[in-house]
Amino acid sequence: MDDEMLVEELRALGRSIPSPDVAPGLTAAVLDRVALVEPGKASRWARLRSLWAGWVWRGWRKVVAVVVVVLAGLLAVPPVRATVADWFGIGGVVVRPMPGPGPSEASPPPTAGTGVTLAEAGKLAGFAPLVPTALGKPDGIEVSADRRVVSMSWGSGEKTIRLDQLEDRLSPYFEKQLHGTFELTRKGFWFETPHELHVVDSVGQAHMEPPRTAGRTLVWKTETRTFRLEGALTKDRALAIADSTG
């Protein structure tokens, strides 16, 4: 088969294919767009697509900015803060708003044991624990049974201060069941009122271990680690201690 025969065969094949239903005006619109193409230059259609893509990108940036502003506004409203935190969590800590009145008092946090050194605790937990310079050498250091949390304590009785720290994992470790509100600070979240503290097990269920009510607590996180500072603290002192934790 020579070239002319091949062209004729292809034309015959094209004529044999049923024509699809075309919307009125579509053919003219396509021809107009084809006519916009200039060899060697970007077509007007391509420029329109580029402008459209830019508009869409700028539009999404505006949408994201609006969402951020709305969330910031929500966090400024005390009754909403707990719900927003529950959506996002705070590193290894989640906050679950609870109905009804909460506990009115909290006992001092438990002191940490003295069975391990700082280096041994780091080896067991798999990360180097950070010590707040504002508090100095801890009186007690311990590692949780599952080796996820390193805890330190300073002082005793009503003056006890306890710091828990853990590397972020896929699932939370602490769950705060809160009946009131909390405050968003420049460092993290400040819990002024007593609240129930739970430890979350490996399948995501909260249970009391140990069963206790926590008092004033500051929770903050870095890129890889979550800190929970509890005890005889004011908010300003808790923030100062957090700043000295490195």
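In these legends, a residue is called buried when its relative accessible area is under 20%. With that in hand, welcome to a tour of a predicted model.

**View 1. The whole chain, for orientation.** Before zooming in, it helps to have the overall make-up in mind. The secondary structure of the chain consists of 6 helices and 11 strands. Of its 246 residues, 33% count as buried. Many partners come from distant parts of the sequence: among contacts between residues at least 6 apart in sequence, 56% join residues at least 24 apart.

**View 2. Trp-220 and Phe-227 form a stacked pair of rings.** Phe-227 has a relative accessible area of 1%, so the residue counts as buried. Its partner Trp-220 is buried too, at 2%. In the whole model there are 4 aromatic pairs. Here, the ring centres of Trp-220 and Phe-227 are 5.0 Å apart and the planes meet at 10 degrees, which is why the pair is called stacked.

**View 3. Phe-182 and Phe-191 make a tilted pair within an aromatic cluster.** How far apart are the centres of Phe-182 and Phe-191 in their aromatic pair? The distance is 5.1 Å centre to centre, with 40 degrees between the planes. Both rings belong to one aromatic cluster, made up of Phe-182, Phe-189 and Phe-191. Phe-182 has 3% relative accessibility and so counts as buried, while Phe-191 is buried at 0%. Look also for Lys-176, which lies over the face of Phe-191 at 5.0 Å from the ring centre.

**View 4. Arg-228 lies over the face of Phe-174.** This view shows another charge and ring together. Arg-228 is placed 5.5 Å from the ring centre of Phe-174.

**View 5. The largest nonpolar core draws on helices and strands.** This core has 21 residues. Those with the most contacts inside it are Val-150, Leu-218, Trp-220, Leu-229 and Leu-233. Which elements give two or more residues to the core? They are helices H5 and H6 (235-243), together with strands E2 (140-143), E3 (149-154), E4 (161-167), E10 (217-221) and E11 (225-231). H6 gives the most, with 4 residues. A second, separate core of 15 residues includes Val-149, Phe-191, Leu-197 and Val-219.

**View 6. Leu-218 and its surroundings.** Zooming in on one residue of the largest core, we can follow its contacts. Leaving aside neighbours within four places in sequence, Leu-218 is in contact with residues including Thr-185, Gly-188, Phe-189 and Trp-190. Its partners also include Phe-227, Arg-228 and Leu-229, and from further along the chain Ala-238, Leu-239 and Ala-242.

**View 7. Helix H6 has its buried residues on the same side.** The buried residues of H6 are Ala-238, Leu-239, Ile-241 and Ala-242. They lie on the same side of the helix because they cover an arc of only 160 degrees around its axis. An α-helix has 3.6 residues a turn, so residues three or four places apart point the same way. What covers the buried residues of H6? Strand E7 (189-191), E10 and E11 are included in that cover.

**View 8. Thr-226 reaches across to Gly-92.** Thr-226 has its place in strand E11. With a relative accessible area of 1%, Thr-226 is under the 20% cut-off and therefore buried. Its side chain reaches the backbone nitrogen of Gly-92 at 2.8 Å. Not counting residues up to four places away in sequence, Thr-226 touches Ile-90, Gly-91, Gly-92 and Val-93, among others. Its other partners include Asp-164, Gln-165, Leu-166 and Asp-168, as well as Val-219, Trp-220 and Lys-221.

**View 9. Glu-120 reaches the backbone of Thr-117.** Glu-120 is found in helix H5 (residues 118-125). The side chain of Glu-120 reaches the backbone nitrogen of Thr-117 at 2.9 Å. Is Glu-120 buried or partly exposed? Its relative accessible area is 40%, so Glu-120 is partly exposed. The C-alpha atoms of Glu-120 and Ile-141 are separated by 9.6 Å, and the two residues are 21 residues apart along the chain.

**View 10. Arg-147 has a positive phi in a loop.** Our last stop is in the loop between E2 and E3, where Arg-147 is found. Phi of Arg-147 is near 65 degrees, a positive value in a residue other than glycine. With a relative accessible area of 49%, Arg-147 is partly exposed.

Terms used
Residues are numbered from 1 along each chain as its sequence is written. This is a predicted model: local features need pLDDT of at least 70, side-chain atom pairs count only at pLDDT 80 or more; totals for chains, interfaces and linings use all residues. Side-chain values use heavy atoms; hydrogens and water are left out. Buried means under 20% relative accessible area, exposed over 50%, partly exposed in between (1.4 Å probe, protein chains only). A polar contact is a pair of N or O atoms within 3.5 Å; within protein, one must be able to donate a hydrogen and the other to accept it, and residues adjacent in sequence count only if both atoms are side-chain atoms. Rings of Phe, Tyr and Trp (its six-membered ring) pair if their centres lie within 6.5 Å; planes under 30 degrees apart count as stacked, over 60 as edge-to-face and the rest as tilted. A charge sits over a ring if NZ of Lys or CZ of Arg is within 6 Å of the ring centre and within 35 degrees of the ring normal. A nonpolar core is a set of buried Ala, Val, Leu, Ile, Met, Phe, Trp, Tyr and Cys residues joined through side-chain atoms within 4.5 Å. Contact means heavy atoms within 4.5 Å. The arc is that of the directions from the helix axis to the C-beta atoms.
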